[in-house]
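Visitor: I am new to this structure and would like a close look at a single part of it. Could you take me slowly through the metal site and what surrounds it?

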Amino acid sequence: RVKDQGKNNYMFFNEEMTEKLKEQIQVERILRDAIKEDGFKLVFQPQICTYTGKIVSFEALLRLKKHFISPDLFIQVAEENGMIIQIGRWVTEQAIHQIARWKNKGLPLKPIAINFSAKQLNDMDYIKFLEETLKESGVEAQGLEIEITESIFLDKKEETIVFLNQLKNLGIKIALDDFGTGYSSLSYLTFLPVNKIKLDKSLCDKFLEIENIAVMDNIISLAHSLNLEVAAEGVEDIEQYKRLKVAGCNYIQGYLFSKPVEALEAEKIYEDNFLEKINL
Ligand code: C2E
Ligand code: MG
Ligand code: MG
Ligand code: MG
């Protein structure tokens with residue numbers, strides 16, 4: 001088989017791998033510099049209440065200040081080389097500081113969400129770090145939500161459940177991110193201490209097709225029957241929004257309402273009514 005494909009094919013893959021490796025090394029260097037030189041920032045994407053059109057919370061998303069590299073890429077690199085531990089702590093700390101600032105300014109918000117990578121389970125003292133950071137900042141655990149994906153259960157199921165219960169006992173909310181991209185998500189929901197599911201963009205996009213509406217209704221009803229809230233991610237379309245609302249989806253996050261923005265901009269748009277803005 002190898003012979004059939006010929007030498008050129010082999011070369012092609014080889015070059016592709018070299019390119020990938022080069023990219024990885026370059027991203028690694030950028031991340032190392034960013035850790036040293038304060039090169040990261042958080043941006044915040046509003047979560048909007050489906051019924052009122054008002055912002056109820058934000059998801060904190062990581063960015064490199066000086067580079068347009070997608071988090072999907074640099075987070076993966078950071079997971080592979082272990083830098084995610086340090087980066088994850090930075091995100092946690094910065095998000096908590098922001099929660100404190102918004103609390104002091106009197107912005108009533110539901111818990112602000114941060115993303116937590118499966119690899120951060122290797123950070124043995126994370127819970128302790130989290131507790132101390134909350135305490136020092138005068139922020140209650142109830143002000144924070146941690147988003148995990150089901151990939152976290154793949155290799156370390158027991159460990160994960162212990163970890164999530166520790167978070168829950170502190171009073172931190174837990175959301176299952178990227179719901180609908182994996183395999184057996186629905187069964188997880190019955191035994192995990194999760195408060196919210198976030199329907200992935202790829203799933204929400206399917207709800208634009210009429211034949212998938214029953215599926216959406218069922219997922220949302222099932223989540224509600226398990227006492228879970230439902231957020232829809234990547235909503236760009238008004239029809240999509242209307243259907244999600246009819247199906248009872250609690251929160252909407254997407255470019256239809258707002259992209260992720262800097263903290264000061266987030267404050268400026270906080271009072272906006274997004275249903276009015278899109279003429280609904
Ligand atoms: P995620 O947690 O599922 O975040 C949602 C992503 O969808 C964000 O991409 C957001 O900008 C994007 N998005 C939101 N609404 C729309 C929309 O209407 N249309 C489209 N096309 N995209 C939309 P982003 O910020 O590039 O982040 C990508 C992923 O990187 C995140 O997916 C998350 O898995 C990871 N990530 C980002 N920040 C962090 C972090 O601080 N820690 C960890 N561990 N992962 C992070
Ligand atoms: Mg997320
Ligand atoms: Mg997601
Ligand atoms: Mg994602």
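Guide: What follows begins at a metal ion, moves on to the ligand beside it, and ends with a small cavity. Please keep in mind throughout that this is a predicted model.

Let us start with the magnesium ion that is ligand 3, which is coordinated by Asp177 and Asp178 through their OD atoms and by Glu233 through OE, at 2.0 to 2.2 Å. Read along the sequence, these donor residues follow the spacing D-D-x54-E, and the pair formed by Asp177 and Glu233 links distant parts of the chain, since Asp177 belongs to strand E5 (residues 173-179) while Glu233, 56 residues apart from it, belongs to strand E7 (residues 229-233). Asp177 and Glu233 are both buried. Asp177 also has a second role in the geometry of the site, for it bridges the magnesium ion that is ligand 3 and the magnesium ion that is ligand 2, and the two ions lie 4.2 Å apart.

Asp177 leads us onward to ligand 1, where it appears again: 22 residues are around this ligand, and those that come nearest are Arg63, Asn115, Asp177, Glu236 and Tyr255. Some of the contacts can be followed atom by atom. In Glu236, a polar side-chain atom lies 2.5 Å from a nitrogen atom of ligand 1, whereas Tyr255 uses its backbone, placing an N or O atom 2.8 Å from an oxygen atom of the ligand. Gln45 takes part as well, with an N or O atom of its side chain 3.1 Å from a nitrogen atom of ligand 1.

Asn115, named above among the residues that come nearest to ligand 1, is also one of the residues that line the largest cavity, together with Gly88, Val91, Thr92, Ile114, Phe116, Gln120 and Tyr126. Two elements give two or more residues to this lining, namely helix H3 (84-104) and strand E3 (112-115), and H3 gives the most, with 3 residues. The lining divides into 4 nonpolar and 4 polar residues, with no charged ones. As for the space itself, the volume of this cavity is about 30 Å³, and the structure holds 1 cavity of 30 Å³ or more.

To bring the walk together, Asp177 is the residue to keep in view at the metal site, as it bridges the two magnesium ions and is also among the residues that come nearest to ligand 1, while Asn115 connects the surroundings of that ligand with the lining of the cavity.

Conventions:
Residues are numbered from 1 along each chain as its sequence is written. Chains are lettered from A and ligands numbered from 1 in the order in which they are written. This is a predicted model: local features need pLDDT of at least 70, side-chain atom pairs count only at pLDDT 80 or more; totals for chains, interfaces and linings use all residues. Side-chain values use heavy atoms; hydrogens and water are left out. On a 1 Å grid over the protein atoms alone, a cavity is a set of points where a 1.4 Å probe fits but cannot get out, and a pocket is an open set with protein on both sides within 12 Å along at least five of seven lines; lining residues have an atom within 4 Å of a point. Grid points are joined across faces, edges and corners, and a volume is the space filled by probe spheres set on the points. Helices (H or I, at least four residues) and strands (E, at least two) are DSSP runs, numbered from the N terminus. Ala, Val, Leu, Ile, Met, Phe, Trp, Tyr, Cys and Pro count as nonpolar, Asp, Glu, Lys and Arg as charged, and the others, Gly among them, as polar. Donors are N, O and S atoms within 2.8 Å of the metal (3.2 Å for Na, K and Ca); water is not among the atoms, so sites may look incomplete. Buried means under 20% relative accessible area, exposed over 50%, partly exposed in between (1.4 Å probe, protein chains only). A residue is near a molecule or strand if one of its heavy atoms lies within 4 Å of it. A polar contact is a pair of N or O atoms within 3.5 Å; within protein, one must be able to donate a hydrogen and the other to accept it, and residues adjacent in sequence count only if both atoms are side-chain atoms.
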